[in-house]
Amino acid sequence: MLPEEMEQRREIEARMRAKARTWGYREVSTPSFEELELFVIRSGEGIIDEMYVFEDKGGRSLALRPELTAPVLRMYVNEGRSLTKPVKWCYFADCYRYERPQKGRYRQFWQFGVELIGADSAMADAEIIMVADDLLRTAGVTFTLKVGHLSFMRTLLSGLAEEDQKKVRGFLDKRDTDAASAFLIEIGREDLSAPLTRLIQARTLDEVFGVIGEIPEADRIRETIAILTAQELPFEINPAIARGLDYYTGIVFECFAEGLGAENQILGGGAYRLAHLFGGEDTPSVGFAIGFDRVMVALDGRVWMPFQPRVQIIHTPALREGALGVARELRDAGVRCEIDLSGRGFSAQMKSAGKNADYAVIIGEEEAAAGTVTLKNLRDGEQQTVPVRKALLILTGQQ
Ligand code: HAM
């Protein structure tokens with residue numbers, strides 16, 4: 001990634017991090033690789049097939065992390081168990097999946113994620129969805145949010161063997177509803193094909209429960225949806241959301257960006273249980289991860305960046321020491337400031353500044369003697385001779 005792209009990524013990343021902090025989520029960091037077993041336990045076949053696995057010199061089987069929920073929960077079990085619950089953590093890190101690369105699908109990609117560990121309520125589910133919405137909004141991306149619950153499909157498919165249920169969910173995760181129906185017919189359960197279609201098309205909870213009947217989780221789901229609706233969060237109920245990972249247990253949600261083609265899912269998450277599989281207590285958790293690279297593709301360079309003027313110091317060779325002193329003062333105040341490195345004359349320096357800078361800070365004999373600089377705005381050509389301190393105030397936008 002070249003500097004322009006990196007600057008935009010850093011800007012969006014900073015906005016997401018700052019926004020997560022306003023909700024009380026604090027950043028954590030985990031290693032790039034973990035024991036392979038950590039991801040095999042409950043991540044699901046899709047992820048396992050795509051992992052970068054290797055053996056280290058000690059003969060241990062390790063994997064580059066394909067995602068961070070399992071590592072973060074391992075870390076919680078190892079180090080965070082004594083913390084007051086709920087634990088609210090966020091992360092920004094790279095992940096590795098051996099996928100067929102294309103636009104928006106990479107073998108190394110970045111996730112900004114949030115995990116809420118040890119809270120088990122409609123309010124907790126709703127908060128995580130609101131944080132997801134808030135983070136994408138702060139990034140400036142246009143998206144739709146779809147919310148579902150795993151119990152919808154599980155209830156409908158409860159008569160099927162676990163393997164067959166998984167297959168149907170796999171088709172739904174790939175948004176291939178025709179294949180899901182065809183599979184039901186193939187295993188002799190065409191009776192489920194029509195209800196499956198009705199469930200997939202349901203867009204209200206009444207329609208959902210009309211197909212599957214009342215379920216024990218219904219009250220909590222209604223409450224979560226009521227909180228989101230009261231907060232006027234734009235979202236759609238979508239019972240077809242299956243999620244590709246195996247650890248989800250409850251509410252699930254995904255966000256899709258406009259104009260990204262097939263790789264338009266920019267966020268995925270839900271409620272899950274992993275801590276007990278890593279040696280901890282059974283701990284209800286909920287979280288999500290944003291596909292950061294896809295967000296950047298969706299923004300397509302439309303990132304508002306705070307204006308930071310580029311300054312070029314122009315000086316005669318004899319005045320180099322003083323010029324370096326001025327440069328240091330400007331840099332100490334956070335101004336981005338460069339100085340000639342090739343011993344070029346005054347006019348060659350001016351020419352280069354015209355191309356690469358917004359301001360020239362000119363230090364000639366007169367300025368050096370008076371402790372001033374001539375500050376030239378290279379965009380409109382205006383210039384004024386002022387004390388260094390005043391130039392600094394202008395360049396930092398304080399005057
Ligand atoms: P995931 O849906 O596998 O969920 O990944 C989250 C997001 O990462 C996806 O929505 C997508 O935007 C992005 N992503 C996935 N694969 C790629 C790729 N090859 N290239 C670019 N972007 C990609 C998880 O990883 C869960 N750990 C989310 C979670 C957190 N659930 C609970 N807590």
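**Exercise 1. The ligand and its polar neighbours**

Task: Determine which protein atoms lie at polar distance from the ligand, beginning with Q111.

Solution. In this predicted model, a polar side-chain atom of Q111 lies 3.1 Å from an oxygen atom of the ligand. Next, consider the nitrogen atoms of the ligand. A polar side-chain atom of Y248 is 2.6 Å from a nitrogen atom of the ligand. For F288 the protein partner is a polar backbone atom, 3.3 Å from a nitrogen atom of the ligand. Polar contacts are pairs of N or O atoms within 3.5 Å. Finally, consider how the ligand is covered: taken alone it exposes 660 Å², and the protein buries 96% of that.

**Exercise 2. The shell around the ligand**

Task: Describe the shell around the ligand by its nearest residues, its strands and its residue classes.

Solution. The ligand has 26 residues around it, of which E67, T69, E99, Y248 and Q265 come nearest. Turning to the strands, β6 (108-117), β10 (265-273) and β11 (284-291) each supply at least two residues of the shell. The most is given by β10, with six residues. By class, the shell consists of 11 nonpolar, eight polar and seven charged residues.

**Exercise 3. The setting of E263**

Task: Establish whether E263 is buried or exposed, and identify what it touches.

Solution. First, locate the residue: E263 belongs to the loop between β9 (248-257) and β10. Second, apply the cut-off. A residue counts as buried when its relative accessible area is under 20%; E263 is therefore buried, as its value is 8%. Third, list the neighbours. Leaving aside residues up to four places away in sequence, E263 touches Q102, K103, G104, R105 and R294. With R294 there is also a polar contact of 3.1 Å between the two side chains.

**Exercise 4. Helix α12**

Task: State how many residues of helix α12 are buried, and name them.

Solution. Helix α12 spans residues 292-299, and seven of its eight residues are buried. These are F292, D293, R294, V295, M296, A298 and L299. R294, listed here as buried, is the residue whose side chain makes the polar contact with E263. After the helix comes D300, which has a positive phi near 50 degrees.

**Exercise 5. Strand β5 and its partners**

Task: Find which strands join β5 and in what sense they run.

Solution. Begin with the strand itself: β5 covers residues 87-96, and nine of its 10 residues are buried. On one count, strand β1 (residues 26-27) is joined to β5 by two bridges, and these strands run parallel. Here E27 stands opposite C90 of β5. On the other, β5 pairs with β6 in the antiparallel sense over 10 bridges. An example is D94, whose bridge partner in β6 is W110. Strand β6 also supplies at least two residues of the shell around the ligand.

**Exercise 6. Strand β4 and its partners**

Task: Identify the partners of strand β4 and describe the hairpin that β3 and β4 form.

Solution. Strand β2 (residues 33-35) pairs with β4 (residues 61-64) in the antiparallel sense over three bridges, and the bridge partner of E34 in β4 is A63. Strand β3 (residues 53-55) is likewise joined to β4 by three bridges and runs antiparallel to it; the bridge partner of E55 in β4 is S61. The hairpin of β3 and β4 has five residues between the strands, and in this hairpin G59 takes a positive phi near 80 degrees.

Methods: Residues numbered from 1 in each chain as written. Predicted model: local features only at pLDDT ≥ 70, side-chain atom pairs only at ≥ 80, totals over all residues. Heavy atoms only, no water. Near = heavy atom within 4 Å. Polar contact = N/O pair within 3.5 Å; in protein donor to acceptor, adjacent residues only side chain to side chain. Areas by Shrake-Rupley, 256 points an atom, 1.4 Å probe, with all protein chains shown as cover. Helix = DSSP H or I, 4+ residues; strand = E, 2+ residues; numbered from the N terminus. Nonpolar A, V, L, I, M, F, W, Y, C, P; charged D, E, K, R; others polar. Buried < 20%, exposed > 50% of the residue type's maximum accessible area, 1.4 Å probe, protein only. Contact = heavy atoms within 4.5 Å. Pairing = 2+ DSSP bridges.
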